[in-house]
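Biologist: Could you take me through this structure and tell me what stands behind the words you use for it?
Modeller: Gladly, here it is.
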Amino acid sequence: MADLPTATERFINGILPENPVYRQLLGLCPTLAVTNSLNAAITMAGAVGFVLLCANVITSLIRNLLKPHLRIVVFTLTIATFVTIADRFLAAYLYQMSKTLGPYIPLIIVNCIIICRCEVCASKQSPLVAATDAIGQSLGFGLALSSIAAIREILGAGSLFGLRVMPAAWPDWTIMVLPPGAFFTFGLLLGTVNWIVTRKGAKKSQRRERSSP
Amino acid sequence: MDVEKKSFAGGLKSSNLVQAWLVMVLAVGFGISLAGVQLLLGPVIEGNKLNETLEKVPELVLGNFLAAKMASENQTLEIVPRQVTVKKLDRTKFYIVYEARYQGDLKGWVVKTKGQGYADTIELLLGLSPDLRSITGLFVLDQKETPGLGNKIITHAWRSQFVDAPADRTLVVIKTGSSRPGEIDVVTGATISSRSVTAMINTAIGDLRNPLTTAPSSQGKGGKHNG
Amino acid sequence: MKPIDDTDPAAPVIQVSPSPHLVQSASSTRRMMVDVLIGMVPVVAMSLFVFRGYALFQLAVCLVACLLAELLFVKMRGRASTLKDGSAIVTGVILAMSLPGTAPWYVGTIAAFVAIGIGKTIFGGVGMNLFNPAMVGRAFVMISFAGAMAASGFEDVRSAVDAISQATPMNAYKMNGVVAPLSELFWGTTNGSLGETSALACLLGGFYLVIRRTASWEIPAGLFVAILVFGGVADLAGHADGWTVLHHILGGSLLFGVFFIATDPVSSPLTPKGKFIFGLGTGMLIMLFRFFSGYPEGVMFAVLLMNALTPLINRWTIPTPFGGQ
């Protein structure tokens, strides 16, 4: 187990270096579907975070009992349970938001970030590592969702968290709150992140080249 | 004997059911916890659904001004939900109708109805005067029409056209400048959304005219008699 | 070791230019763009005559924004300026002609930046774009600012004919079933996007382009066949509420779209057969949108959808090489 990342590494990796959306391109369905307002995006990220944390911890606790050919069934069962709990909680305490998010809350069951973390981390490492991994990945997911949602809400509705931030003369770019806006924003942000990463990589290798001779 | 036992144990081990013991234990455990969550939260969720409608009833029946006044004076309407069954040629339709009374007097009806819009189902709350002669309010509970076009049906400006519109004749959707009562201006660029809302209202009123005008009058008489 | 520096003049310079390299050198791109601009002259002239200040305003906004966008995005890619090949000017003019005169300044500006940025530069610049850049920009603002794009104008002394205060013929028909007289559609004294109103001007410019071979004749041919067949069937099938096949051809942005947008050599198929199929598909989609969609006009979406199919059409219609099977 020596080659597996430690808890701290897992935590940091999840936020930026292995950001689930921008670096692993996982969980794109909610990323595109519910990012037309910041409120919805943060609620979605919160729900995914809750499910991910619970599923990771439970999976990690029973990791020695898992049989290889039945593990996916166990993951799905665990995830589905916590998604249902999250769904009921939203319906009970954030009723309007649960109506806005509609089918996308139950669809967290098929969110590949969660099953990926169960497989990659939780089924191999201790509950503590699994928990920090879940928190890191959830923060990364939340960061991605809210960055897309902020841009879309400002351009498309002139507001943030439903509060008007742009001047009254601002013409709302309706397309940004419609599905095409999600693709445009996500594509451009993904491009920007890739550009930054490539530039960083190039600088690093340059520095290495300079220092080596 | 020993050999037999071993093979029995081996069979037991390779049997699908035994291999899946963890899945089954988890399923039972999760099932119980989900049942608990449902028991705990189910009533709250039902309450949310009901409240969403009930909160709107005073405004839809009395109008904004009177509703706000009533609320500030801490008065409340007595709201009684009931189901009205309408038999049509090919099928039966159910409407949920909220009867709003103030100190026993019938103040109006709020009808919940839904139908197909441009993108998805639209769900409406429709306020009607006690005699079903005019519309007293309209609220869109749920819609997924195109943002910027069709979803303007939720704006107060568009909905307010329906307030005080006559309910004893069919509402007509007009493209340019409604002038007479009973004419509804279309939302620019969203003819289909506007038409479907209006059609839903026409249908609901048509369906409910008989059940509501006959039943409540007898009830009202009964009330008077008792009093 | 010294890092390789691209700007070092001593380093060997390798020119990378957009493909195809053989037939389309920078000068032939330029010749083509100049041809398109000449073809646009009747359209622009007519729009200036009918809409006066409005047309001038849109042209200025779109041209300036397109050139600025081209300058900016090409610089961001770290390439030499491509302003001289004229493609940004053509995009700007086509864009301006496809907007209603009353659209506010930000509509043209945003459309121009989207057209050059998302429509062209992201794919790799001139010659690499999948979609017609002007139509990408127009689709973006059409969906964003449906109100401003509906040409729901107001009366104004700045325009010669009282066109700007009317509903567009397509809208009037879709909404109220009002049929515009054919002569008005032909001469162009109706309201609409700047370049689309006059059928005559579009035909004049279009014929010039076809004769010069800048626009291939197969695309308009296929498109007209589709319109005639579907419009004719609709006429015969009792859709005849006065809006005939001729209205379909002369009204809306069909003629403008046929000659100036669908024939864009970059985003349409390469083979003659492919071009005909492209025209046929575009025509069918236009009729489909006009009959069944919520929008009164469908040329823009039809062209964009067929642009997406272009690689597929190219693959279908690859000519068998001599001796091949």
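Modeller: Let's begin with a term: two residues are in contact if their C-beta atoms, placed from the backbone, lie within 7 Å. In chain C, residues 24 or more positions apart account for 74% of the contacts with a separation of 6 or more. Please keep in mind that this is a predicted model, where local features need pLDDT of at least 70, side-chain atom pairs count only at pLDDT 80 or more, and totals for chains, interfaces and linings use all residues. Residues are numbered from 1 along each chain as its sequence is written, while chains are lettered from A and ligands numbered from 1 in the order in which they are written.

Biologist: Thanks! Why is A:His69 called exposed?
Modeller: A residue is exposed if 12 or fewer other C-beta atoms lie within 10 Å of its own, buried if there are 20 or more, and partly exposed in between, with C-beta atoms placed from the backbone. A:His69 has 8 C-beta neighbours inside 10 Å, so A:His69 counts as exposed. A:His69 sits in the loop between helix H3 (38-61) and helix H4 (71-93) of chain A.

Biologist: What makes up the secondary structure of chain C?
Modeller: Helices (H or I, at least four residues) and strands (E, at least two) are DSSP runs, numbered from the N terminus. By that rule, chain C has 14 helices and 0 strands.

Biologist: And how much of chain C is buried?
Modeller: Buried residues are 51% of its 325 residues.
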